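Could you look through this model with me before we discuss it? My notes are set out as numbered points.

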Amino acid sequence: MHHVRVADVENSIQPAAEMRKLTDALGLTDFAINYYELEPGDSFAFAYHSHEVQEEAFYVISGTATFDTEDGPVEVGADEIVRFDRGEFQRGWNRGDDRVRALAIGAPLEYGTQVKLRYCADCDAEVDSGLGIAPDDEEAVVATCVECGAETGRWYRGSMDGEVP
Ligand SMILES: [Zn+2]
């Protein structure tokens, strides 16, 4: 048995004030579960993206999350849950005034190919993106355009001012 206090799990570098990877803390092998807290302007994800093999559900505990989807924006309120199929594009945000607390659950553990669409000003297009630790700052994650290499976003652990990139 694994019994974990969520607040004791390390906070990850994400576009969210808090993202705690319960998957690793619990030693799960077949599905992923992550705890999120989003301040207004925060996001669940680094990009408008899809997973090739992992389906994903988001259970909103409090606040209201807004997911950009292939069918337009969808609001998911407290004690509501939304599910995204394999290959379906989505990116969730907190566009409200209250903090969002939520659980993201995905299975299987692996994503397969992940297409991560972000706007590149240099290419003037929505392009697939690479993600990694910043070469000049190991405490930051950056997204780069796969077409031209331009940096399209940079995130730090914990709260970030305003809307995240
Ligand atoms: Zn580019």
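The points below take up the basis of the model, the zinc site and a pocket.

1. This is a predicted model, in which local features need pLDDT of at least 70 and side-chain atom pairs count only at pLDDT 80 or more, while totals for chains, interfaces and linings use all residues. Residues are numbered from 1 along each chain as its sequence is written, and side-chain values use heavy atoms, with hydrogens and water left out.

2. The zinc ion has as its protein donors (N, O and S atoms within 2.8 Å of the metal, or 3.2 Å for Na, K and Ca) the SG atoms of C120, C123, C145 and C148, which lie 2.3 to 2.4 Å from the ion. The arrangement is tetrahedral (four donors with all angles between 85 and 135 degrees) because the four donor atoms subtend angles of 106 to 114° around the zinc ion.

3. Along the sequence, the spacing of these donor residues is C-x2-C-x21-C-x2-C. Among them, C123 and C148 link distant parts of the chain, being 25 residues apart. C123 is partly exposed (that is, between the limits of under 20% relative accessible area for buried and over 50% for exposed, with a 1.4 Å probe and protein chains only), since its relative accessible area is 31%, and C148 is also partly exposed, at 42%.

4. Please also look at the lining of the second largest pocket, where the residues by class are six nonpolar (Ala, Val, Leu, Ile, Met, Phe, Trp, Tyr, Cys and Pro), no polar and four charged (Asp, Glu, Lys and Arg).

Notes
Four donors count as tetrahedral if all angles lie between 85 and 135 degrees; four count as square planar and six as octahedral if opposite donors are over 155 degrees apart and all others between 65 and 115; anything else is irregular. Helices (H or I, at least four residues) and strands (E, at least two) are DSSP runs, numbered from the N terminus.
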